[in-house]
Amino acid sequence: MTLAHAALPGLAVAIPGADRLALRHLLIDFNGTLACNGALIDGVAERLSALSRILEIEVLTGDTYGTVARTLAGLPVRHAVVLTGADKTARVRTLLAEGGGVAALGNGRNDVDMLRAATLGIAVLGPECTHALTLAAAQLVAPDIHAALDLFLQPQRLIAALRP
């Protein structure tokens, strides 16, 4: 799906006592983060639609179940099937070089370096578990995908979580 990148406002949040958080991109792992057993978790589609008016959203996945294209059809997000965590990290670095901050959400071992490289890395706890190294790599840990996505829909929550 083609998105109108220039029209998106992005998200800027003043964090008291810290640098201003400015985001333009949201990279999200699919299996274990947005989906369980290859199926989108209830309530995620609505949140992605709302967030697509603010941030450029891209789903990066190994597509373990082969469902990503069908599952995300009709949603205002891009997706790419990637082979390794290094591919996810490379995408973060490309977007950072193009300008605008990157938030990344993930749960698996292959998300560790993506979360470290992002402007804001968030580990998501979910029904498919979360790798311990992913927790250590993240700046924030969300109890589920709803809470993670709601951080961007309710940015005051980011202030509360990130202020020193």
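**Strand β3 and the α1/α6 contact in a predicted model**

Student: In this predicted model, how many of the residues of strand β3 are buried?

Tutor: Strand β3 covers residues 25-29 and is mostly covered. H25, L27 and D29 point one way, L26 and I28 the other way, and all are buried. Buried here means under 20% relative accessible area. The count for β3 is five of its five residues.

Student: Which residue stands opposite I28 in β6?

Tutor: Strand β6 spans residues 56-61 and pairs with β3 in the parallel sense, over five bridges. In this pairing I28 faces V59.

Student: How many bridges join β3 to strand β8?

Tutor: Strand β8 takes in residues 102-106 and runs parallel to β3. H25 in β3 lies opposite V102 in β8. The number of bridges joining β3 to β8 is four.

Student: Are helices α1 and α6 roughly parallel or roughly antiparallel to each other?

Tutor: Helix α1 (residues 44-51) packs with helix α6 (residues 145-153), their axes 10 Å apart and at an angle of about 20°. Angles under 35 degrees count as roughly parallel. The two helices, α1 and α6, are therefore roughly parallel.

Student: How many residues of the contact of α1 with α6 are nonpolar?

Tutor: From α1, the contact takes V44, R47, L48, A50 and L51; from α6, I145, H146, L149, D150, F152 and L153. Of these residues, one is polar and two are charged, and the nonpolar ones number eight.

Student: Is the crossing of α1 and α6 left-handed or right-handed?

Tutor: The handedness depends on whether the near helix is turned anticlockwise or clockwise from the far one. For α1 and α6, the crossing is left-handed.

Conventions:
Residues are numbered from 1 along each chain as its sequence is written. This is a predicted model: local features need pLDDT of at least 70, side-chain atom pairs count only at pLDDT 80 or more; totals for chains, interfaces and linings use all residues. Side-chain values use heavy atoms; hydrogens and water are left out. Buried means under 20% relative accessible area, exposed over 50%, partly exposed in between (1.4 Å probe, protein chains only). Two strands pair if DSSP finds at least two bridges between them. Axes are lines fitted to C-alpha atoms, for helices over the stretch in contact, and angles run from 0 to 180 degrees between N-to-C directions. Angles under 35 degrees count as roughly parallel, over 145 as roughly antiparallel, 65 to 115 as roughly perpendicular and the rest as oblique. Contact means heavy atoms within 4.5 Å. Ala, Val, Leu, Ile, Met, Phe, Trp, Tyr, Cys and Pro count as nonpolar, Asp, Glu, Lys and Arg as charged, and the others, Gly among them, as polar.
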